[in-house]
Number of protein chains: 2
Amino acid sequence: MGTALLDMSMSLDGYIAGPGDALELPGGEGFALHDWFGDPDAPAGTEADLRQFAEITQAGAVLSGRRTAQQTGHWGGDHHAMGVPIFVVSRSAPPSEVADMPLVHYVRDVVEAIGQAKEAAGDRHVHMIGAGWVPAAIDAGAIDEIRIHHVPLLMGGGRRLFDVLARPVALEILQVDAAPKATHIRYRVVR
Amino acid sequence: MGTALLDMSMSLDGYIAGPGDALELPGGEGFALHDWFGDPDAPAGTEADLRQFAEITQAGAVLSGRRTAQQTGHWGGDHHAMGVPIFVVSRSAPPSEVADMPLVHYVRDVVEAIGQAKEAAGDRHVHMIGAGWVPAAIDAGAIDEIRIHHVPLLMGGGRRLFDVLARPVALEILQVDAAPKATHIRYRVVR
């Protein structure tokens with residue numbers, strides 16, 4: 001079975017979106033967290049950045065929260081044209097546009113969603129994006145690895161990636177890949 | 001003039017102290033943020049860790065908030081036996097023990113305190129520790145560099161290093177020093 005990998009760009013003060021993040025303003029104000037790769041359809045950067053970005057597109061499934069999925073229009077129904085299933089964690093019913101997107105699946109429970117995504121991904125990893133669902137998934141032990149693109153920026157406000165957890169969780173550093181616009185660090189969740 | 005360097009060990013979720021941090025329990029529960037060097041009087045770790053730790057002791061002045069200073073008993077009046085002045089940012093009057101500590105100076109205003117510390121440090125850097133005073137100092141442009149020892153740990157609660165800022169602040173990565181127990185990253189504050 002593949003790895004459930006939480007994969008996020010984060011500012012030094014822990015934000016993954018700036019102030020005012022909303023459907024109409026994805027990422028909020030002053031958003032520079034993805035400058036390390038630039039345009040996802042024509043990524044740029046150092047060799048380290050491009051290697052890091054390429055890993056995303058090798059995923060066998062994608063999982064995200066409702067907010068990110070709806071802000072991006074469910075990636076047009078096919079995340080980065082990878083042709084892999086997209087699991088959306090949401091307690092609400094899917095919006096009507098999803099009826100025409102056979103790869104998109106709404107799942108109410110986060111642990112159930114990660115389980116389905118891992119099964120769909122086979123021996124490839126699950127690329128997981130989000131914030132709101134993360135604490136519950138960590139508390140349940142459902143996240144295998146965390147890859148943070150540490151961006152040299154203090155956003156000063158916005159949406160934080162990590163919130164209060166039931167208990168501390170030890171991590172192990174698997175890889176550090178340094179570049180001017182981001183320090184890419186991959187962590188294993190120790191159980 | 002030397003560099004005003006904020007120098008902190010921080011968990012991946014942004015905490016510099018665990019839950020229950022108090023005078024009687026410095027650092028709070030589950031505190032493992034300083035494991036990368038261990039005992040400050042006999043530091044251990046990899047070559048990178050020891051090099052990073054050694055930089056602390058080359059400071060020409062120390063600056064901290066009241067909480068840290070009082071939790072440590074003002075380091076017995078002499079931080080790491082370095083014999084350099086210690087500036088404590090506090091709106092309260094100093095406790096009586098400080099009368100016997102000629103190196104310890106209480107200063108009410110954080111920008112004034114950093115200015116006095118830089119003057120005292122000469123061409124050496126100011127080793128700055130703390131959390132509560134940090135946002136005001138960043139907003140005032142009084143911090144030159146930030147060195148974060150990124151520790152592979154999710155604390156899940158406690159005291160965060162960074163709080164809400166008046167505006168975003170860009171940083172520049174000066175150095176990345178990777179070791180198993182911490183990724184040491186030094187940032188310059190871009191003005």
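Let's begin with chain A, which has four helices and eleven strands. Keep in mind as you look around that this is a predicted model. The radius of gyration of chain A is 16 Å, close to the 16 Å that the globule rule gives for 191 residues, so chain A is as compact as a globular protein of that length. If you draw a box along the principal axes, the C-alpha atoms of chain A fill roughly 40 × 40 × 30 Å.

What share of the 191 residues in chain A is buried? Buried residues make up 46% of them. You can also ask how far apart along the chain the contacting residues are. Among the contacts in chain A with a separation of 6 or more, 71% are between residues 24 or more positions apart.

Now bring chain B into view. A turn of 180 degrees, with a shift of 0.0 Å along the axis, lays chain A on chain B with an RMSD of 0.0 Å. That is the relation of a two-fold axis. To find the axis on your screen, look for Gly14(A): of the residues of chain A, Gly14(A) comes closest to the rotation axis, with its C-alpha at 3.2 Å. The same surface serves both copies, since 100% of the contact residues of chain A recur in chain B.

Where do the two chains meet? The contact takes 29 residues from chain A and 29 residues from chain B. On the side of chain A that touches chain B, β8 (153-154), β10 (169-179) and β11 (182-189) each supply at least two residues. β10(A) gives the most to that side, with seven residues. The residues on this side of chain A divide into 21 nonpolar, five polar and three charged.

The strands themselves also pair from one chain to the other. β8(A) and β10(B), residues 169-179 of chain B, pair in the antiparallel sense over two bridges. Look here for Leu153(A), which stands opposite Ala170(B) in β10(B).

Follow that pairing and you can trace an open sheet of nine strands with mixed pairing, in the order β8(A)-β10(B)-β11(B)-β7(B)-β1(B)-β6(B)-β3(B)-β4(B)-β5(B). At the edges stand β8 of chain A and β5 (104-107) of chain B; each has a single partner strand, so one side of each is left without a neighbour in the sheet. Inside this sheet, β1 (4-11) and β6 (126-129) of chain B pair in the parallel sense over three bridges. One residue to pick out is Ala4(B), whose bridge partner in β6(B) is Val126(B). Helix α1 of chain B (residues 47-56) lies across β1, β6, β7, β10 and β11 of chain B, running at about 130 degrees to β10(B).

Next comes another open sheet of nine strands with mixed pairing, in the order β5(A)-β4(A)-β3(A)-β6(A)-β1(A)-β7(A)-β11(A)-β10(A)-β8(B). Its edges are β5 of chain A and β8 of chain B, each with a single partner strand, so one side of each is left without a neighbour in the sheet. Next to the edge, β4(A), residues 86-89, and β5(A) pair in the parallel sense over four bridges. Val88(A) has Tyr106(A) as its bridge partner in β5(A). Helix α3 of chain A (residues 110-121) packs on the sheet, touching β1, β3, β4, β5 and β6 of chain A, and its direction makes about 165 degrees with that of β3(A).

How values were computed. Residues are numbered from 1 along each chain as its sequence is written. Chains are lettered from A and ligands numbered from 1 in the order in which they are written. This is a predicted model: local features need pLDDT of at least 70, side-chain atom pairs count only at pLDDT 80 or more; totals for chains, interfaces and linings use all residues. Two residues are in contact if their C-beta atoms, placed from the backbone, lie within 7 Å. Ala, Val, Leu, Ile, Met, Phe, Trp, Tyr, Cys and Pro count as nonpolar, Asp, Glu, Lys and Arg as charged, and the others, Gly among them, as polar. Two strands pair if DSSP finds at least two bridges between them. The radius of gyration is taken over C-alpha atoms; the globule rule is 2.2 Å times the number of residues to the power 0.38. A residue is buried if 20 or more other C-beta atoms lie within 10 Å of its own, exposed if 12 or fewer, and partly exposed in between; C-beta atoms are placed from the backbone. Copies are superposed by least squares on the C-alpha atoms of residues with pLDDT of at least 70 in both. Axes are lines fitted to C-alpha atoms, for helices over the stretch in contact, and angles run from 0 to 180 degrees between N-to-C directions.
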